[in-house]
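This report describes one protein chain, going from a single residue to the fold, the cores, the surface and the charged pairs.

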Amino acid sequence: RLLRLGMSIFNKLTLVALPLPLTTVSIQMAFTVLVLLLRPSELRWGNSDDIKRWACTVPLLFVGMLASSMVAMQFASLGTMVVCRNVSPLPTMLIEGMFRIPYVMTVRTILALLVIIGGVTLYESHEIRFSLVAIVAITINMVFAVLERIMQRHLMANNPVELSKAMMMLLNNGIGLLPTLLLALLVGEHATWRHKFALVGKREAALLFGSCVNGVAISYAGIRLQHKIAATSFMVVTNVSKFAVIFFGVLALGESGSLASLVGSALAVLGGVLYADARKRADEIPVLNGVSDEHKSLVANQPDLGGDEGLDSGSEDEPEWRART
């Protein structure tokens, strides 16, 4: 979780110094590919069909998730990133409904969602750097993250492919690199490359390199932390890190630090904790009898995007097969 905290901070500081979000993602992807190619023994696969099945689906969702996350990071404060992602259960429910994935709604989950919505509303109403672009990017990021997680779980648990984690990372980053660069060209980032890279000094280069290293480290950390500490301790570490990111933004970047903003962020994070507990209790209700194993697996492992991906968004119980960030 400390790696995730570091990824958020590295990415934000990098974008402050070098405001090229898509170019930054491309550099991080290229760095990950290079590191993986230096360890060919870890690149294992069953057959070409497994590679095709993964390559034709997950990498594009991966690109959408990372690109939207970095764009949001450029326009949003760290606090907004942490707080707004706590509403991820809402797009999760909508998308899972589209896929006809059973969802158990209880009074506890409804109350938790109301706490989250109240906290996010209070925080954003006092956000001194409110940006509609950031809110839209965060929303798109959550949608891509949910879709990517559902597809990955399908290819890992329900219709499994024989690919090592390193191979999945290579496919995600290697295939995703080209469309990310194309997006950078489409939005015109290339027109400012010469000028902005000419201003990059040792500090900016160190931040960019740190974000690259941190991203690779996150992928290798995976869920190993959860295998070493209790679930309660993991939740404590998770939510302490969220507050650490928020306070770093307030102290180091001059983000909103009013009492109302802090109360709103606390409510949003608390709502996320209550929602996680409510979902755990709801999943224990025996209503899934007769439901397909695939649906059971997806319900039992719903994505929780309350964290940061480095933008990950990703879930707090990061799967071992998770891609780079």
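In which helix does S265 lie? S265 lies in helix α13 of this predicted model. S265 counts as buried because its relative accessibility is 1%, below the 20% limit for that class. Apart from neighbours within four places in sequence, S265 is in contact with V83, G119, Y123, F243 and I246.

A second serine, S211, is found in helix α11, which covers residues 202-221. The relative accessible area of S211 is 0%, so S211 is buried. Residues up to four places away in sequence left aside, S211 touches M7, F10, N11, T14 and Q28. One of these, N11, is 200 residues away from S211 in sequence, yet the two C-alpha atoms are 6.1 Å apart.

**Fold**

The chain contains 14 helices and zero strands. Of its 325 residues, 51% count as buried. Among contacts with a separation of 6 or more, 87% join residues 24 or more positions apart.

Helix α2 can be checked against its expected length. Its 17 residues should span 24 Å at 1.5 Å a residue, and the end C-alpha atoms are 25 Å apart, which agrees. The buried residues of α2 include P21, L22, V25, Q28, M29 and V33. Of these names, Q28 also appears among the residues that S211 touches.

**Nonpolar cores**

In soluble globular proteins, nonpolar side chains tend to be buried together. The largest nonpolar core here has 37 residues, and those with the most contacts inside it are M29, L66, M81, V83, I116, V120 and I138. Elements that give two or more residues to this core are α1 (2-17), α2 (21-37), α4 (58-75), α5 (78-84), α7, α8 (132-158), α12 (231-253) and α13 (259-283). The most, seven residues, come from α4. A second core is separate from this one and has 14 residues, among them V33, L43, M167 and L171. V83, listed for the largest core, is also in contact with S265.

**Surface**

The chain exposes about 14,400 Å², of which carbon and sulfur atoms supply 69%. L90, M105, V107, I110, L111, L114 and I117 make a nonpolar surface patch of about 610 Å². Helix α7 (residues 107-125) provides the largest share of the patch, five residues. I110 lies in this helix and counts as partly exposed because its relative accessibility is 41%.

**Salt bridges**

Side chains of opposite charge can pair when their charged atoms come close. The structure holds three salt bridges, listed below with their N to O distances.

| Acidic residue | Basic residue | N to O distance |
|---|---|---|
| E42 | R39 | 2.8 Å |
| D50 | R53 | 3.5 Å |
| D277 | R281 | 2.9 Å |

D50 and R53 are three residues apart in helix α3 (residues 48-55), about one turn of the helix. D277 and R281 are four residues apart in helix α13, so about one helical turn separates them. An α-helix has 3.6 residues a turn, so residues three or four places apart point the same way.

Is D50 buried or exposed? D50 counts as buried, because its relative accessibility is 6%, whereas R53 is partly exposed at 27%. In the α13 pair, R281 has a relative accessible area of 43% and is partly exposed; D277 is partly exposed as well, at 33%. R39 counts as partly exposed with a relative accessibility of 43%.

Technical notes
Residues numbered from 1 in each chain as written. Predicted model: local features only at pLDDT ≥ 70, side-chain atom pairs only at ≥ 80, totals over all residues. Heavy atoms only, no water. Patch = residues over 30% accessible without salt bridge, like charges linked within 9 Å, V, L, I, M, F, W, Y side chains within 5 Å. Areas by Shrake-Rupley, 256 points an atom, 1.4 Å probe, with all protein chains shown as cover. Salt bridge = Lys/Arg side-chain N within 4 Å of Asp/Glu carboxyl O. Buried < 20%, exposed > 50% of the residue type's maximum accessible area, 1.4 Å probe, protein only. Core = buried A, V, L, I, M, F, W, Y, C linked by side-chain atoms within 4.5 Å. Expected span 1.5 Å × (residues − 1). Contact = heavy atoms within 4.5 Å.
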